Amino acid sequence: MTGRLSLPLEEWPARDRAAWERARSPMNDLLEEGGEAATLRQATVAGYVYAWGALLASLAAAGDLDPHEPPEARLSPERLHRLDAEMQRRGLRPASRRHSRLALYCMGRLLAPHAELDHVRRPAGRSLRHIFPLQARLVEHKDTREVLARLREAHGKAMGQEDGPERRRLLRDVALLGVLATRAPRKASLATLRLGRDLRLGADARYAMRIPPEHSKTRRPLEFVLDAEVSQWMGSYLRLSRPGFPGAGATDALWMGMKGPLGPEGISKIAEDWTRGWFGKAEGPHAFRKWLRQSATDRHPELARDTELVMGHSAEVALQHYTAARQVAAAQRHASHLAAERRKWVATGLRLIEQDQRKAARPAKESET
């Protein structure tokens, strides 16, 4: 038990499990307590469960796991400090440790709704952003046009091949990566797409996609129309590739693999395999979101808001990135202006030097004559 990073749910103390089950059970009465976690996304639930399991594993390793202790008592400042020190020794970045602390705070509120837990998210009254400062990371952005050019070449190669597993995978990957490069939905949302329900072909031969609210991060439905070229790639996949995958006829899942419908892990592997081959470094599906946003804002700052809303970010996040893009664009314009002024003054200085040299040379010529 002591060698694991996080205790699985089935090994939690009975008191913790009971509190979690109460939080996950839907409420039947407005006056009934419980159900606070009933509507959480599965990815959020997994993150919370892992964070609490990590705390329990830390307590178990220190011989400090009392099965009769209430959940809120496990969140003492000393125990939280010990857990953070362990994560730091394992090399976790400050951002990951801050995220873990926030997850523990949310779990504490779910397991013990009436407990005072402000010390978890504001130790000694200090913000977690000051305790765990974010570290800037160098991100190499790729232009979406370069990605589309590579996919265009791959699609042409696939269309020239005979039918077979390699061609089917190639057509599927081109369509999948084309959607990521131009609309950048999250991988978890992509894995839930269903034929008919979430994908339809319009009269203009372009496919429209819909991500239901239960599968979007903001709990709002996302609808977008694919580009004409990506729609063509999608049509090639649906006609020539998808029917050949094992079990395709028994499911309406949009994305198929050799072992059935693709999940988030399969989508990640496809993105990582292709980006490793293209750029020498594996990038997951989330990188396509950054590339799309950056490519759009490089063309014009106003596109930042449109891009963010298409990707499903909130209006606040879209405005934040739009403002940043405007600031960058203003700085670039100012730098261009300074460079132009510098070139002008350099040219003026060179002309004055040439004039001085000509004047200095003129009397010498006259004395020689």
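A contact here means heavy atoms within 4.5 Å. In this predicted model, 58% of the contacts between residues at least 6 apart in sequence join residues at least 24 apart. The protein contains 14 helices and 5 strands, and buried residues account for 39% of its 369 residues. Its accessible surface is about 21000 Å², with 53% of that area belonging to carbon and sulfur atoms.

**Nonpolar cores**

- The largest nonpolar core has 44 residues, and the members that touch the most others are L177, M209, M234, Y237, L254 and W255.
- At least two residues of this core come from each of α7 (144-159), α8 (165-182), α9, β2, β3, α10 (228-241), α11 (264-279) and α12 (285-299).
- Helix α8 provides the largest share of the core, namely 9 residues.
- Leaving aside residues up to four places away in sequence, Y237 touches L171, R172 and A175, together with R242, P243, F245, L254, W255 and M256.
- A second core, separate from the one above, comprises 27 residues, among them W12, L80, M87 and L110.

**Strands β1, β2 and β3**

- Strand β2 covers residues 207-211, and 4 of its 5 residues are buried.
- Strand β1 (residues 199-201) pairs with β2 in the antiparallel sense through 3 bridges; within this pairing, L199 has M209 of β2 as its bridge partner.
- M209 is also one of the residues that touch the most other members of the largest nonpolar core.
- Strand β2 pairs as well with β3 (residues 222-225), again in the antiparallel sense, over 4 bridges.
- In the pairing of β2 with β3, R210 stands opposite E223 of β3.

**Residues with positive phi**

- The hairpin of β1 and β2 has 5 residues between its strands, and A205 there adopts a positive phi near 65 degrees.
- This value for A205 is positive in a residue other than glycine.
- A205 counts as exposed because its relative accessibility is 51%, and the cut-off for exposed is over 50%.
- A184 also has a positive phi, near 50 degrees, although A184 is a residue other than glycine.
- The position of A184 is in the loop between α8 and α9.
- With a relative accessible area of 0%, A184 is therefore buried, as the limit for buried is under 20%.
- G63, which follows helix α2, has a positive phi near 65 degrees.

**Length of helix α2**

- Helix α2 consists of 20 residues (residues 42-61), so at 1.5 Å a residue the helix should span 28 Å.
- The expected span is obtained from 1.5 Å times one less than the number of residues.
- The end C-alpha atoms of α2 are 28 Å apart, which agrees with the expected span.

**Surroundings of T192**

- T192 is located in the loop between α9 (187-191) and β1.
- T192 counts as buried because its relative accessibility is 16%, and the limit for buried is under 20%.
- The side chain of T192 reaches the backbone oxygen of S189 at 2.7 Å.
- Apart from residues up to four places away in sequence, T192 touches R197, D198 and H215.

Definitions and conventions
Residues numbered from 1 in each chain as written. Predicted model: local features only at pLDDT ≥ 70, side-chain atom pairs only at ≥ 80, totals over all residues. Heavy atoms only, no water. Buried < 20%, exposed > 50% of the residue type's maximum accessible area, 1.4 Å probe, protein only. Pairing = 2+ DSSP bridges. Polar contact = N/O pair within 3.5 Å; in protein donor to acceptor, adjacent residues only side chain to side chain. Areas by Shrake-Rupley, 256 points an atom, 1.4 Å probe, with all protein chains shown as cover. Core = buried A, V, L, I, M, F, W, Y, C linked by side-chain atoms within 4.5 Å.
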